[in-house]
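Colleague: I am new to reading protein models. Could you walk me through this one, question by question?

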Amino acid sequence: DLILENSITGNLVWTIENFKKAKKGYITFPTKFDMVDSLLNLDGKEKVIIRMSVNPKEIIQKVEMGTSQLEKRVEAINKLKQAGYNVGILIAPVIFVENWQKLYEELIIYLHQNLSDEVKRDLFFEVIFMTYSYVHRKINEEAFPSAIDLYSKDLMTGRGKGKYTYKQEQRKLGEQYIGELLKEYFPENKIVYFS
């Protein structure tokens with residue numbers, strides 16, 4: 001995550017300031033962190049697209065341990081937009097935990113209520129469903145013994161090389177449900193893709 005790395009190295013500040021000299025192209029990156037203050041007064045923001053990755057609060061607490069809380073991420077995206085950056089929201093990874101519909105509805109309502117009007121004017125969305133692997137599962141079991149088990153035999157199918165993805169019917173259900181919520185609360189904003 002470039003925002004986290006930047007808090008240690010300062011490399012992202014250097015990259016943004018130097019990329020403004022390029023005649024073509026954009027820098028784009030996702031983040032789950034809110035430490036953006038060092039980026040707010042840089043030149044070259046018009047060539048940067050920052051996508052804040054969000055998830056329901058419960059998933060952040062139980063799966064994305066060590067990352068910024070939802071409230072801080074939303075504050076950061078509001079600050080970035082006010083400073084002149086192009087911003088988007090990445091709902092990722094979508095995880096079909098118990099009560100997932102309620103959790104993702106609460107997330108989208110929270111975004112609607114707490115993103116600034118300036119952000120909402122030209123915000124875009126990307127939605128990515130979780131892909132999991134045997135290796136991830138073993139690492140997580142050892143590193144985060146209190147985390148929830150993300151593998152579900154009922155909802156997932158093998159994708160080769162020890163990887164798992166949600167079954168097609170489950171993904172379609174998720175795409176339809178989240179798509180309808182985004183159209184209801186963000187009718188003017190583009191959904192770039194579901195993946």
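**Pairs, faces and bridges**

Modeller: This is a predicted model. Let us begin on helix α5, with K102. At 49% relative accessibility, K102 counts as partly exposed.

Colleague: Which residue forms a salt bridge with K102?

Modeller: Side chains of opposite charge can pair when their charged atoms come close. For K102, the closest N and O atoms of the bridge are 2.7 Å apart. Both residues of the pair lie in helix α5, four residues apart, about one turn of the helix. The partner of K102 is E106.

Colleague: Is E106 buried or partly exposed?

Modeller: Buried would need a relative accessible area under 20%. E106 has 40%, so the label is partly exposed.

Colleague: Which residues does a network of salt bridges join?

Modeller: Start with one bridge, where the side chains of E64 and K32 meet at 2.9 Å, N to O. E64 lies in the loop between α3 and α4, and K32 in the loop between β1 and β2, so the pair ties together parts that are 32 residues apart in sequence. Salt bridges that share partners make one network, and its members are K32, E64 and R73.

Colleague: Are E64 and K32 buried or exposed?

Modeller: The limit for buried is under 20%. E64 has 7% relative accessibility, so E64 passes. K32 has 19%, so K32 also counts as buried.

Colleague: How many residues apart are K20 and D43?

Modeller: The side chains of K20 and D43 meet in a salt bridge of 3.5 Å, N to O. K20 is in the loop between α2 and β1, while D43 is in the loop between β1 and β2. This pair links distant parts of the chain, and the separation is 23 residues.

Colleague: What is the relative accessible area of D43?

Modeller: Take the partner, K20, beside it: K20 counts as partly exposed at 35% relative accessibility. D43 is partly exposed too, with a relative accessible area of 49%.

Colleague: How many salt bridges does the structure hold?

Modeller: The ones we met include K102 with E106 and E64 with K32. K20 with D43 is another of them. For the structure, the count is ten.

Colleague: Back to α5. What distance separates its end C-alpha atoms?

Modeller: Helix α5 has 15 residues. At 1.5 Å a residue, α5 should span 21 Å. The distance between its end C-alpha atoms agrees: 21 Å.

Colleague: Within what arc do the buried residues of α5 fall?

Modeller: The buried residues are W100, L103, Y104, L107, I108, Y110 and L111. Seen down the axis of α5, they line one face of the helix, because they fall within an arc of 155°.

Colleague: How many aromatic pairs are there, and how do F96 and Y166 meet?

Modeller: Ring centres must lie within 6.5 Å to pair. The count comes to six aromatic pairs. In one of them, F96 and Y166 have ring centres 4.5 Å apart and planes at 75°. Planes over 60 degrees apart count as edge-to-face, and the F96 and Y166 pair is edge-to-face.

Colleague: Which parts of the chain does that pair link?

Modeller: F96 and Y166 are both buried. They stand 70 residues apart in the chain. F96 sits in the loop between β3 and α5, and Y166 in strand β7.

Colleague: Why is the pair of W100 and Y177 edge-to-face?

Modeller: The ring centres of W100 and Y177 are 5.4 Å apart. Their planes stand at 80°, so the pair is edge-to-face. W100 is in helix α5 and Y177 in helix α8, 77 residues apart.

Colleague: Is Y177 buried or partly exposed?

Modeller: W100 is buried, at 7% relative accessible area. Y177 has 22% relative accessibility, so Y177 counts as partly exposed.

Colleague: Which residues form the aromatic cluster?

Modeller: Two pairs we met belong to it: F96 with Y166, and W100 with Y177. One cluster is made by F96, W100, F129, Y166, Y177 and F194.

Colleague: Which residues make the nonpolar surface patch?

Modeller: One of them is Y134, in helix α7. Y134 is partly exposed, with a relative accessible area of 48%. The patch covers about 310 Å², and its residues are Y134, V135 and I139.

How values were computed. Residues numbered from 1 in each chain as written. Heavy atoms only, no water. Phe/Tyr/Trp six-rings, centres within 6.5 Å; stacked < 30°, edge-to-face > 60°. Helix = DSSP H or I, 4+ residues; strand = E, 2+ residues; numbered from the N terminus. Buried < 20%, exposed > 50% of the residue type's maximum accessible area, 1.4 Å probe, protein only. Patch = residues over 30% accessible without salt bridge, like charges linked within 9 Å, V, L, I, M, F, W, Y side chains within 5 Å. Areas by Shrake-Rupley, 256 points an atom, 1.4 Å probe, with all protein chains shown as cover. Salt bridge = Lys/Arg side-chain N within 4 Å of Asp/Glu carboxyl O. Expected span 1.5 Å × (residues − 1). Arc of directions from axis to C-beta.
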